[in-house]
Amino acid sequence: MARPRIHDLDRLLDVAEQLVADGGPERFTVRGLAAASGVSNGAIYHAFGSLPVLLGRLWLRAAADFLDLQVELIDAVHGGDRESAVEAVVAAASAPAVFADRRPAAARMLVTVRRDQLLGPQVPQELAEQMFALDKRLVALLTRLSRALWGRADGASVEVVTMCVVDLPTAVFRRALSEPTTDGRPVIGADSRERLKAAVRAVLTLPPPEAPTHGRRET
């Protein structure tokens, strides 16, 4: 059984992404992917080895692309001063909406599939390590933003940035990203986007609490 070419794998993952976004990981099957993509069961198993590996690769591709977008949006506005640091956090927080505009199925899939759902004995160590490496990239991003804002990256300051970049966008955008859609494209209105930005700016008006001096550790 011939292995699909690289560009065919990307198209195959695009189809898989849409299926998972529409039906969730529980209903996703290799047979369903074969029917939707026109690629045989055998070729799919030959390319990925197992359904858990396929789902892991799918999630990793989407999560890595999302993080790349956050970095892109931050770099576009961060100029080194306090004001641009705030706007960099706002840009990072807005990334889910921008990602939904560019990659609607991937954005919806990331909301419905958690990484811990994919980790298990059937996932190769190499793939698990790549997922954990992505976590380290996210921590580095949060640390970078915290240092830009306050010149510190202890637990308390990084927690405030995490609230802005992870918690608030999840609360504001989750419903739009998880609701059924008629055309597969989530609708995140301009009002929601602007209110998120306002909420992030409001949170950043208060400095993080002082970290204890005894045993203080930085991220």
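Trainee: How many salt bridges does the count come to in this structure?

Mentor: Side chains of opposite charge can pair when their charged atoms come close. In this predicted model, a pair is counted when a side-chain nitrogen of Lys or Arg lies within 4 Å of a carboxyl oxygen of Asp or Glu. By this rule the count comes to 13 salt bridges.

Trainee: Which parts of the chain does the pair of Asp14 and Arg61 link?

Mentor: The side chains of Asp14 and Arg61 form a salt bridge, with N and O 2.9 Å apart. These two residues stand 47 residues apart, in distant parts of the chain. Asp14 belongs to helix 1 (residues 6-23) and Arg61 to helix 4 (residues 51-77), so the parts linked are helix 1 and helix 4.

Trainee: Is Arg61 buried or exposed?

Mentor: A residue counts as buried under 20% relative accessible area. Its partner Asp14 has 40% and is therefore partly exposed. Arg61 has a relative accessibility of 17%, which means that Arg61 is buried.

Trainee: Why does the pair of Arg103 and Asp65 tie together parts that are apart in sequence, and how many residues apart are they?

Mentor: Arg103 and Asp65 form a salt bridge whose closest N and O atoms are 2.7 Å apart. Arg103 lies in the loop between helix 5 (82-102) and helix 6 (104-112), whereas Asp65 lies in helix 4, so the parts tied together are apart in sequence by 38 residues.

Trainee: What is the relative accessibility of Asp65?

Mentor: Partly exposed residues fall between the limits of 20% and 50%. Arg103 belongs to this class, with a relative accessible area of 21%. Asp65 also counts as partly exposed, and its relative accessibility is 27%.

Trainee: What is the relative accessible area of Asp154, which meets Arg152 in a salt bridge?

Mentor: The side chains of Arg152 and Asp154 meet with N and O 2.5 Å apart. Arg152 is buried, at 10% relative accessibility. Asp154 is buried as well, and its relative accessible area is 1%.

Trainee: Which residues do salt bridges that share partners join into one network?

Mentor: Two pairs described above belong to this network: Asp14 with Arg61, and Arg103 with Asp65. Shared partners connect such pairs into one network, whose members are Asp14, Glu17, Arg61, Asp65 and Arg103.

Trainee: Which residue has a backbone oxygen 2.8 Å from a polar atom of the side chain of Thr143?

Mentor: Thr143 is found in helix 8 (residues 125-150). With a relative accessible area of 9%, Thr143 is buried. The backbone oxygen that lies 2.8 Å from a polar atom of its side chain is that of Val139.

Trainee: Which element gives the most residues to the lining of the largest pocket?

Mentor: The largest pocket holds about 750 Å³ of space, and 23 residues line it. Two or more lining residues come from each of helix 4, helix 5, helix 6, helix 8 and helix 9 (155-178). With seven residues, the element that gives the most is helix 9.

Trainee: How many residues of that lining are nonpolar?

Mentor: Nearest the centre of the largest pocket lie Trp59, Phe66, Leu110, Val166 and Thr170. In the lining, two residues are polar and four are charged, while the nonpolar residues number 17.

Trainee: How many helices does the protein chain have?

Mentor: From the N terminus on, the elements run α-α-α-α-α-α-α-α-α-α. There are zero strands, and the number of helices is 10.

How values were computed. Residues are numbered from 1 along each chain as its sequence is written. This is a predicted model: local features need pLDDT of at least 70, side-chain atom pairs count only at pLDDT 80 or more; totals for chains, interfaces and linings use all residues. Side-chain values use heavy atoms; hydrogens and water are left out. Helices (H or I, at least four residues) and strands (E, at least two) are DSSP runs, numbered from the N terminus. Buried means under 20% relative accessible area, exposed over 50%, partly exposed in between (1.4 Å probe, protein chains only). A polar contact is a pair of N or O atoms within 3.5 Å; within protein, one must be able to donate a hydrogen and the other to accept it, and residues adjacent in sequence count only if both atoms are side-chain atoms. On a 1 Å grid over the protein atoms alone, a cavity is a set of points where a 1.4 Å probe fits but cannot get out, and a pocket is an open set with protein on both sides within 12 Å along at least five of seven lines; lining residues have an atom within 4 Å of a point. Grid points are joined across faces, edges and corners, and a volume is the space filled by probe spheres set on the points. Ala, Val, Leu, Ile, Met, Phe, Trp, Tyr, Cys and Pro count as nonpolar, Asp, Glu, Lys and Arg as charged, and the others, Gly among them, as polar.
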